[in-house]
Amino acid sequence: MEENRPMDLSSFADGAQYIAGRLSHGTGPEPFDVVNPADGGTVQRVRLASTEDVDAAVAAAAAALPEWSRATPGTRAAALLRLSTVLDERAAEFAAVETAQTGKPIKLSSEFDVPGTIDNTAFFAGAARNLEGRAAGEYSGDHTSYVRREAIGVVGSISPWNYPLQMAAWKILPAIAAGNTIVLKPAELTPLTSLMFARACTEAGIPDGVVNVVTGAGRTAGEHLVAHPDVAMVSFTGSTAVGRRVAELATAGIKRTHLELGGKAPFVVFDDADLDAAVHGAVAGSLINSGQDCTAATRAYVQRPLYDAFVAGVAELFGTVRLGDPRNPRTDLGPLVSFAHRDRVAGFVERARSHGATVVTGGAAPTLGHDGTDLGRGAYYQPTLIIDAAQESEVVQGEIFGPVLVVLPFDSDDEGLRLANDTPYGLAASVWTGGVHRSLRATREIAAGCVWVNDHIPIISEMPHGGYKASGHGKDMSQYSLDEYTQIKHVMQDLTGSARKDWHRTVFGDRG
Ligand code: NAD
């Protein structure tokens with residue numbers, strides 16, 4: 001990976017729409033500033049997409065579809081392998097831009113977001129050659145049947161701002177590996193690395209129009225894309241509230257949907273757990289990306305004998321986390337993605353406090369960083385630990401999406417597992433125990449798309465990611481994601497050569 005390559009934003013002077021292999025300016029009415037939440041400065045002024053720009057992107061994707069969907073798996077795989085090389089060459093630049101537009105620490109962008117994206121790309125290069133229909137044979141006796149797995153068509157995708165590059169990759173890679181073409185609308189707060197990813201696709205030789213990116217507002221460009229009659233499938237990652245709206249629009253058009261929605265992951269610590277491991281896991285699992293992670297540990301349920309020591313341990317470690325300039329490689333925690341979002345997170349904490357919860361540590365905007373940074377200029381919020389909240393309270397039930405961990409005690413194993421399942425969400429969870437039977441029971445009973453045992457957060461390209469319950473349906477990453485982006489066709493071919501088939505008797509010609 002090349003280090004310290006300067007961030008080069010000059011190409012965005014050509015616009016922030018990527019349509020048919022070229023950057024162009026949006027024709028929406030207002031200019032929009034992509035803001036660095038670490039200091040409030042403008043990273044890039046862009047012109048947002050109008051509905052006409054969305055139409056142009058869908059037309060480009062539709063035009064590219066026949067050739068791309070008929071390209072051999074080997075051709076698609078070779079292009080994706082070249083893409084992984086291009087991304088690797090640009091790794092430092094991707095990390096710098098990701099950090100500038102989100103405020104996430106450079107060590108997270110350069111050690112997690114960017115390498116994860118490169119690995120995903122290499123994975124889908126391989127996966128493209130492993131698409132298969134399950135069976136072929138003479139099931140009726142008079143026919144040969146076989147199954148074709150085919151692309152769906154133009155995919156309309158919408159992604160969130162928390163991991164902009166990874167979310168773009170999770171949408172684009174399985175879609176195009178399976179022979180679809182795509183129009184992606186990233187969150188308007190953070191469009192830049194999605195545009196860079198699309199440009200890298202062109203450099204890697206992926207034909208124009210296969211990957212298009214429109215930078216636009218959700219209500220206008222997003223809804224227009226979802227409802228567009230030439231979009232055959234909608235894949236969405238974002239909040240459950242917006243996912244519901246997207247599902248309504250897509251359902252009206254009888255479109256395939258893939259919905260990756262919100263989460264409120266429980267973190268269940270049984271009394272035979274390694275306390276030190278659980279405390280470290282809770283700090284890392286709740287503060288990653290400033291808690292703006294759909295799988296972040298948000299509710300720790302700790303069995304009574306370990307409860308006090310767990311709370312004290314987490315409070316102590318929260319105090320050691322270094323807030324500062326996200327470009328500084330020693331910074332652990334950057335700002336939240338925007339000032340509006342910081343205020344939203346602070347609102348959750350204030351309401352919890354006013355309803356009787358105790359804020360053990362944090363609960364305010366910090367002022368000075370470990371590196372002397374004036375944190376007051378950015379959208380920073382302290383790591384915050386809350387206890388004494390009621391299970392049914394907003395801070396336990398709602399998605400805060402900030403560096404806030406709530407800890408509650410439980411007595412019996414049954415109670416711990418019941419509380420873990422007691423929110424509308426079901427994206428991820430973790431259990432902490434030294435007992436084989438406890439972990440087997442908990443992993444069976446927790447209703448979530450991913451359950452970790454004695455860890456919380458790691459993901460891997462080969463394994464599926466996706467929710468249960470209000471966290472949505474469908475899988476990202478892994479071979480399973482290709483099921484989302486393909487459809488199955490049964491071909492049944494007459495084997496007899498006979499003009500008068502036996503079964504015709506059930507309709508006509510039965511002389512008996
Ligand atoms: P959001 O729902 O506010 O926005 C997501 C995207 O939807 C953005 O691109 C936005 O512009 C667009 N949008 C907004 N209104 C729209 C509309 N009416 N029609 C079409 N598109 C519209 O989410 P966010 O705040 O960007 O991201 C945070 C959310 O994403 C959290 O809820 C988090 O849990 C979720 N998330 C889920 C996963 C997962 O894999 N399940 C991964 C990452 C983030």
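These questions and answers tour a predicted model and its ligand.

Visitor: Where does the ligand sit, and which elements give two or more residues to the shell around it?
Guide: The ligand sits in the largest pocket. Elements that give two or more residues to its shell include two helices and a strand. They are helix 7 (218-227), strand 10 (233-237) and helix 8 (240-252).

Visitor: Which two domains does the ligand lie between?
Guide: Look at which domains give residues to the shell around the ligand. Both domains do, so the ligand lies between them. They are domain 1 (42-132 + 145-261 + 471-490) and domain 2 (265-453).

Visitor: How many charged residues does the shell have?
Guide: Sort the shell by class. It has 13 nonpolar and ten polar residues. The charged residues number six.

Visitor: Which residues come nearest to the ligand?
Guide: There are 29 residues around the ligand. Five of them come nearest. They are Glu-188, Glu-223, Ser-239, Leu-261 and Glu-399.

Visitor: Which residue has a side-chain N or O atom 2.8 Å from a nitrogen atom of the ligand?
Guide: Set the backbone cases aside. Ser-159 has a backbone N or O atom 2.8 Å from a ligand oxygen. Gly-218 has a backbone N or O atom 3.4 Å from a ligand nitrogen. The side chain asked for belongs to Glu-223.

Visitor: What percentage of the ligand's accessible area does the protein cover?
Guide: Start with the ligand on its own. Its accessible area is then 840 Å². The protein covers 90%.

Visitor: Which residue in the loop between helix 9 (275-287) and strand 13 (297-303) has a positive phi?
Guide: Ala-20, with a positive phi of about 55°, is in the loop between strand 1 (17-19) and strand 2 (22-24). That is another loop. The residue asked for has a phi near 55° and is not a glycine. In the loop between helix 9 and strand 13 is Asn-289.

Definitions and conventions
Residues numbered from 1 in each chain as written. Predicted model: local features only at pLDDT ≥ 70, side-chain atom pairs only at ≥ 80, totals over all residues. Heavy atoms only, no water. Near = heavy atom within 4 Å. Polar contact = N/O pair within 3.5 Å; in protein donor to acceptor, adjacent residues only side chain to side chain. Areas by Shrake-Rupley, 256 points an atom, 1.4 Å probe, with all protein chains shown as cover. 1 Å grid on protein atoms, 1.4 Å probe; cavity = no way out; pocket = protein on both sides within 12 Å on 5 of 7 lines; lining within 4 Å. Sits in = over half its atoms within 2 Å of the grid points. Helix = DSSP H or I, 4+ residues; strand = E, 2+ residues; numbered from the N terminus. Nonpolar A, V, L, I, M, F, W, Y, C, P; charged D, E, K, R; others polar. Domains from an automatic or database assignment.
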